[in-house]
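Here are my notes on this model, written as numbered points for reading beside the coordinates. Please take them in order, since later points return to residues named earlier.

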Amino acid sequence: MAAQLVVALLALTSLGAASELDCKELVKPLVLDSHSPIYGKWVLHVAVWDEPGLKKDLETVNSSWVELSASSDSGVMTIYWADRLGEDKCLQGVANATISGMTSHTTFIINGVTSYHDGKYYETCADCLLSEDTTVLSDGKSKGRYLFLFTRTGTLEPSELETYKKQAECLKFVPEYYFGGTDLCPDTREPATPAAETTENDQTEVQPTEN
């Protein structure tokens, strides 16, 4: 009996060590720098949360996309976002995120309401963006976390979805999933207006003033 108990304990220890090793392999932080493959347009495919109240907030969104771009400041990233609420309402905006190592901090102002978000990015599948978002209240306390998986096209292979679920489990998220839709809000940003060509008639000659 004693020998069997020792064998059982060893088996459990090995299983625990293997699980821990798997999580280390599955959840690798992504360093945010000018070479990180995070820039461009991303469509939200799936998300999970760790607090019940966050689920209610997320379920008001039918689809979502973001566009990340580098700024002239190496420590700042620009985020343009667009959420479809219901069938015919789109909410869009822009925010700047400060970047430090493997984390980001973003302040969103939506309909006059300010919210703060701390982000972490992890290595994931090709053409995917895996982001852990912590909503921070004005008193500095956490409201809870999301784990968002964006893709370039909005689609995802079944095997990649299974990997995402394992990553969510490693990060202690609730095993309940929200899937974003593909009816996206249009990009309503006005295109940059090209500089007008200068002609002779447009030129103004400045006469020197007399002393």
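1. Which residue takes a positive phi in the hairpin of β7 and β8? The model is a predicted one, and in it the residue in question is glycine 140, with a phi near 90 degrees, in a hairpin that has five residues between its two strands.

2. On the overall layout, the chain holds three helices and nine strands, and their order along the sequence is α-β-α-β-β-β-β-β-β-β-α-β. Of the 211 residues in the chain, 34% are buried. Among the contacts with a separation of 6 or more, 54% are between residues 24 or more positions apart. The chain exposes about 13,600 Å², and carbon and sulfur atoms supply 55% of that area.

3. Strand β8 deserves attention for its surroundings and its partners. Eight of its 10 residues are buried, so β8 is largely enclosed by the rest of the structure. Strand β7, which covers residues 128-136, runs antiparallel to β8 and is joined to it by nine bridges, with leucine 130 standing opposite leucine 149 of β8. Strand β1 is also antiparallel to β8, through six bridges, and here valine 43 is the residue that stands opposite threonine 151 in β8.

4. The largest nonpolar core is built from 23 residues, and those with the most contacts inside it are Leu58, Leu68, Met77, Leu129, Phe148, Phe150 and Tyr178. At least two residues of this core come from each of β1 (40-49), α2 (52-58), β2 (61-70), β3 (76-85), β4 (89-100) and β8 (142-151), and β1 gives the most, with four residues. A second core, separate from this one, has 16 residues, including Cys125, Cys128, Leu161 and Leu171. As general background, nonpolar side chains in soluble globular proteins tend to be buried together.

5. Leucine 68 is useful for following the packing of the largest core, where it is among the residues with the most contacts. When residues up to four places away in sequence are not counted, leucine 68 touches Ile38, Tyr39, Gly40, Trp42, Met77, Thr78, Ile79 and Leu129. Two of these partners, Met77 and Leu129, are themselves listed among the residues with the most contacts inside that core.

6. Is serine 64 buried or exposed? Serine 64, which is found in strand β2, has a relative accessible area of 8% and counts as buried because the cut-off for that class is under 20%. Its side chain is joined to that of aspartate 83 by a polar contact of 2.6 Å. With residues up to four places away in sequence left out, serine 64 touches Trp42, Val43, Leu44, Ala82, Asp83 and Leu184.

7. The last of those partners brings in a residue from the segment after β9 (178-179), where leucine 184 has its place. Leucine 184 counts as partly exposed because its relative accessibility is 24%. Its contacts, leaving aside neighbours within four places in sequence, are with Val43, Ser63, Ser64, Trp65 and Arg84. Valine 43 lies 141 residues from leucine 184 in sequence, yet the two are 8.5 Å apart in space, C-alpha to C-alpha. Valine 43 thus links two of these points, as it contacts leucine 184 and also stands opposite threonine 151 in β8.

Key. Residues are numbered from 1 along each chain as its sequence is written. This is a predicted model: local features need pLDDT of at least 70, side-chain atom pairs count only at pLDDT 80 or more; totals for chains, interfaces and linings use all residues. Side-chain values use heavy atoms; hydrogens and water are left out. A nonpolar core is a set of buried Ala, Val, Leu, Ile, Met, Phe, Trp, Tyr and Cys residues joined through side-chain atoms within 4.5 Å. Buried means under 20% relative accessible area, exposed over 50%, partly exposed in between (1.4 Å probe, protein chains only). Contact means heavy atoms within 4.5 Å. A polar contact is a pair of N or O atoms within 3.5 Å; within protein, one must be able to donate a hydrogen and the other to accept it, and residues adjacent in sequence count only if both atoms are side-chain atoms. Two strands pair if DSSP finds at least two bridges between them. Accessible areas come from the Shrake-Rupley method with a 1.4 Å probe; for residues, only the protein chains shown count as cover.
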